[in-house]
Amino acid sequence: MAESLISIRAVTKTFKLGDQEVRALRGVDMEIPKGAYVSIMGPSGSGKSTLFNMIGGLDLPTSGDVVVEGCRLRDLDSDQLAWFRCHKIGFIFQSFNLVQTMTAQENVAIARTFAGCSYAESMHDAAEVLKRVGLDHRLKHLPSQVSGGQQQRIAIARALVNKPLIILADEPTGNLDLKTGQDIIDLLNEMKQAYGVTIVTATHDMKMVSASDLLARIRDGAIDELLGKDQMNVTIGTIDGESVA
Amino acid sequence: MTDDQAQVRIPRQPPLSWRIVLRVSLAGMQRRMMRSVVTVTCVVLALAFLAYMLVLADITQALVELNDSKLNILLSERGVDIFAATQMDAMTLLLIGLALLTCTVGVANSMLMSVTERVREIGTLKCLGAQDRFIIQSYLVESTLQGLFGAAVGVLLGCAVAVAASSATYPGYVLSSFPTAVVLRSLLASMAVGLFIAVAASIWPAAAAARRRPVDALRVEE
């Protein structure tokens, strides 16, 4: 396999819920090559989000290692992890998670500010990226004043503004209707080409799966099936009589 | 080991400048005006009371020191002990203490609600690379500004009421023998108390907010 960007090595995660131990991950191994579009599928509670948090440096595995660009996340202290999240990872969430009191432009700019840019620079870069996701006419709008699809576009712009290595998208189309969801998938693909980022998504959405290079099915905290693009046999229905595949 | 070499590539996230923290906090306060108004009102009321009591005591003391026989009768009629007017009685101190305590609890409560409202926001900011330090700084900036503003308004209000009330009670005496230096000292002391309360009351909520791990913060349903 080509040089991998993310190596997940025998990762386990155990949570304590009261006196009960819940094993969210029971030994996951996975190599994600640079520039790939990876979909992780699985029922809720299968450990998808836990795996995501590990890759994003939000949580540490109980045992095993996550290695990104040859760097073991376990070895980083909290300030290094903050830097890692800021420069290397772009997060996209199911519920957008925009700061409600900030305009679209400010929501994107704050990520740039955390990367050490001045206010003026940040606002300038934010406007550029928002333009690329087709929102140049919504810069001064608050999240509550735009549609769900547009909010997710703002979130995508925010994830991209620091030119990260990896986009981690946790069910990015989960709160959107089919058509808008498809637009978001197309946009992610377009941005993957434009910025050369590696995209890792968790999804139930077959449309997203068909766009990906690698599909991991996860069940009960372990990888059930790992399929390359040529091994996937995805059939997709149509929306409004148009094929969406 | 390649791992060790690679580690050098990840620097520490540098802290943000206070100017940026100030800008972010100001924007947040502006758009969450109601919450700020509640906090500021708390400080204004308590500080107006404190300043009123202190300034009134200063003025009374100045009047006693005039040792004017007509004024002394007037003072005695108002129940002022002209031989020991400098000392505040226990009841007054208790009242002031209670007012300040209520103010502290009010500010802390308001700050805690603000933290609870923003748990997800804080989690998101941490995902974007914010450090705990930034969260604490932004809360401290917010409470300092609210404390300064609330204390200034409250202190001026209390002082104005004290001057007006004593002028009405002892017509002709107050302005001619106004103890400017002493009153200024009382006002500054009140300001300091107000600022201290606003900042002290928000340290714990701010620390609680910053300590939350982003994973937990993001899981919170709104």
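Here is a walk through a predicted model with chains A and B, starting from a sheet in chain A and ending with its salt bridges.

Let's begin with that sheet. Four strands of chain A make it up, in the order β2-β1-β4-β5, and the sheet is open with antiparallel pairing. At the edges stand β2 (20-33) and β5 (71-72) of chain A, and each has a single partner strand, so one side of each has no neighbour in the sheet. Further in, β1 (residues 4-17) and β4 (residues 63-68) of chain A run antiparallel and are joined by five bridges. If you want a spot to click on, take S7(A): its bridge partner in β4(A) is V67(A). Helix α1 (residues 48-55) of chain A packs on this sheet and touches β1, β2 and β4 of chain A. The direction of α1 makes about 125 degrees with that of β1(A).

Now zoom in on K13(A), which has its place in strand β1 of chain A. You might expect to find a lysine out in the solvent, so is this one buried or exposed? K13(A) counts as buried, because its relative accessibility is 11% and the cut-off for buried is under 20%. Beyond its neighbours within four places in sequence, K13(A) is in contact with a list of residues that includes V22(A), L25(A), T50(A), M54(A), D59(A) and L60(A). One of these contacts deserves a second look: the side chains of K13(A) and D59(A) meet in a salt bridge, at 3.4 Å from N to O. Since K13(A) lies in strand β1 and D59(A) in the loop between α1 and β4 of chain A, the pair ties together parts that are 46 residues apart in sequence. Both K13(A) and D59(A) are buried.

Another strand to look at in chain A is β8 (residues 198-203). Six of its six residues are buried, so β8 is largely enclosed by the rest of the structure. T198(A), V200(A) and A202(A) point one way from β8(A), while I199(A), T201(A) and T203(A) point the other way, and all of them are buried. Which strands does β8(A) pair with? One is β3 (residues 37-41) of chain A, joined to β8(A) by five bridges and running parallel. Another is β7 (residues 166-170) of chain A, which also runs parallel to β8(A) and is joined to it by five bridges. For landmarks, Y37(A) stands opposite I199(A), and A169(A) stands opposite T201(A).

Next, the place where the two chains meet. Here 35 residues of chain A are in contact with 32 residues of chain B. About 3200 Å² is buried between them, and carbon and sulfur atoms give 60% of that area. In chain A, the residues that lose the most area to chain B are W83(A), T101(A) and F114(A), together 22% of what that side buries. On the polar side of the ledger, there are ten residue pairs in polar contact between the chains (both at pLDDT 80 or more), and the rule finds three salt bridges across the interface. R133(B) and D79(A) form a salt bridge, with their closest N and O atoms 3.3 Å apart. Which element gives the largest share of the side of chain A that touches chain B? That is α2(A), with eight residues.

Helix α2(A) is mostly covered, with nine of its eleven residues buried. Among the buried ones are D79(A), W83(A), R85(A) and K88(A). At the start of α2(A), a side-chain oxygen of D77(A) reaches to within 3.1 Å of the backbone nitrogen of D79(A). Over in helix α3 of chain A sits E106(A), which counts as buried at 16% relative accessibility. Leaving out neighbours within four places in sequence, E106(A) is in contact with T101(A), Y119(A), M123(A) and, in the other chain, R31(B).

Finally, back to charges. The structure holds 20 salt bridges over all chains. D75(A) pairs with R72(A), the closest N and O atoms being 3.0 Å apart. D75(A) counts as partly exposed at 25% relative accessibility, and R72(A) is partly exposed at 24%. In chain B, K126(B) and D132(B) form a salt bridge, again with a closest N and O distance of 3.0 Å. K126(B) is buried, with a relative accessible area of 4%, whereas D132(B) counts as partly exposed at 38%. In chain A, salt bridges that share partners join D65(A), R72(A), R74(A) and D75(A) into one network.

Key: Residues numbered from 1 in each chain as written. Chains lettered and ligands numbered in written order. Predicted model: local features only at pLDDT ≥ 70, side-chain atom pairs only at ≥ 80, totals over all residues. Heavy atoms only, no water. Pairing = 2+ DSSP bridges. Helix = DSSP H or I, 4+ residues; strand = E, 2+ residues; numbered from the N terminus. Contact = heavy atoms within 4.5 Å. Axes fitted to C-alpha atoms, helices over the stretch in contact; angles between N-to-C directions. Buried < 20%, exposed > 50% of the residue type's maximum accessible area, 1.4 Å probe, protein only. Buried area = accessible area lost by both parts, 1.4 Å probe. Salt bridge = Lys/Arg side-chain N within 4 Å of Asp/Glu carboxyl O. Polar contact = N/O pair within 3.5 Å; in protein donor to acceptor, adjacent residues only side chain to side chain.
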